[in-house]
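Thanks for asking me to look at this structure with you. Here are my notes as numbered points, so keep the 3D view open while you read.

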Amino acid sequence: MPELPEVETIRRQLAERIVGRTIRGARVSDPRLVDPWEPNTFAGRLEGRRVERIDRVGKYLFIELDGDEALTLHLRMTGQLLWSDDVPDPPLPYTRAVIGIEGGGSVTFADSRRFGTAWFLPRVGRERIWAGRTGPDAMSAAFTARGLGDRLRGRTACAKALILDQRIVAGVGNIYADEALFMARVNPAEPGGNLTAPRVTSLHRAIRDRLRMGITAGGASFDRYRDVNGERGGMQDLFRVHRRRGEQCPRCQTTIEKGVVAQRGTYWCPKCQPLMEGD
Ligand SMILES: [Zn+2]
């Protein structure tokens, strides 16, 4: 699933292509993408509108349109936004919608598992509509070590489950959770409320550090993720523990383990990330 670095890579590349340009027309070929909207009504609402900006909060993209409304997208498991210099004919594999841009070019929403979603959000009242859907974006100034500590305090759920909770911090998924916990030397199964303030600070720093590295690498592509140009990212080559079961820890050479934590396949070094007893 695309996480913050993958969605941010898409945001930047898409902004270069379409900000300041006008949507010529759109076609929604999978009604489930825009449910409960009627596909032709949804597509018609895009026609003739100018793209002013593209924002991101966690894994959500907001394509800001004139008229104070955002086309809001979530790629979920396998969603891709792919740029073409024309309108592909035949459509790209797994196409669910195509947005044509005036002056040439198009953006295809392709999605083999079809869990991705698209809807409109007004600018006025958006904060109220959005309230509670996500916590602070992990790369924003609003995500602080102190705030993370406040959200972990007293929690008995494991550290991995808590940093995967988008209401605690928005943008972290399975990959970057494993990598950040390794960098901070926190066992994924350790209760979040166990972490002392210095360890929370270290975890906060590690989350930012690994996400920043992911953005620089253009995201991680071991399966479906591709950028707007259909290219693979490079972060998968920089993983320290994720998907490295049986390999040696790059810090201590202990064999990396894999298990299920927070219902997700989880990788860690048993020596660098020992399970601490509660205080
Ligand atoms: Zn180690």
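1. Start at one pair of residues: Gly100 stands opposite Ser106 in strand β7. Keep in mind that this is a predicted model. The pair belongs to the pairing of β6 (residues 95-101) with β7, which is antiparallel and runs over 5 bridges. The two strands make a hairpin, with 4 residues between them. Look in that turn for Gly103, which has a positive phi of about 90 degrees.

2. Now turn to the other neighbour of β7. Strand β5 (residues 79-84) also pairs with β7 in the antiparallel sense, here over 6 bridges. If you want one residue to find on screen, take Trp83, whose bridge partner in β7 is Val107. As a reminder from the textbook, strands of a sheet pair through backbone hydrogen bonds, either parallel or antiparallel.

3. How many of the residues of strand β7 are buried? The count is 6 of the 6 in residues 106-111, so the strand is largely enclosed by the rest of the structure. For a residue to be called buried here, 20 or more other C-beta atoms must lie within 10 Å of its own. In a regular strand the side chains alternate between the two faces of the sheet. You can follow this along β7: Ser106, Thr108 and Ala110 point one way, while Val107, Phe109 and Asp111 point the other way. Residues on both sides are buried.

4. Next, zoom out to the sheet. It is an open sheet of 4 strands in the order β1-β6-β7-β5, with antiparallel pairing. At its edges are β1 (23-28) and β5, each of which pairs on one side only. From one strand to the next, the twist averages 15 degrees.

5. Helices pack on this sheet too. Helix α1 lies across β5, β6 and β7 and runs at about 30 degrees to β5. Helix α3 (residues 39-46) touches β1 and β6, and its direction makes about 165 degrees with that of β1.

6. Where does the domain assignment divide the protein chain? It gives domain 1 as 4-130 and domain 2 as 145-268. Their centres, taken over C-alpha atoms, are 28 Å apart. Across the boundary, 18 residues of domain 1 are in contact with 19 residues of domain 2. On the domain 1 side, the elements giving two or more residues are α1 (4-18) and β5. Of these, α1 gives the most, with 9 residues. Sorted by class, that side has 8 nonpolar, 6 polar and 4 charged residues.

7. Finally, have a look at helix α7 (residues 174-183). Is it mostly covered or mostly uncovered? It is mostly covered, with 9 of its 10 residues buried. Among the buried residues are Ile175, Tyr176, Leu181 and Phe182, and also the charged-class names Asp178 and Glu179. The cover over the buried residues of α7 includes α6 (159-164), α8 (197-216) and β10 (264-268). After the helix comes Arg185, whose phi is positive, near 60 degrees.

Key:
Residues are numbered from 1 along each chain as its sequence is written. This is a predicted model: local features need pLDDT of at least 70, side-chain atom pairs count only at pLDDT 80 or more; totals for chains, interfaces and linings use all residues. A residue is buried if 20 or more other C-beta atoms lie within 10 Å of its own, exposed if 12 or fewer, and partly exposed in between; C-beta atoms are placed from the backbone. Two strands pair if DSSP finds at least two bridges between them. Domain bounds come from an automatic or database domain assignment. Two residues are in contact if their C-beta atoms, placed from the backbone, lie within 7 Å. Axes are lines fitted to C-alpha atoms, for helices over the stretch in contact, and angles run from 0 to 180 degrees between N-to-C directions.
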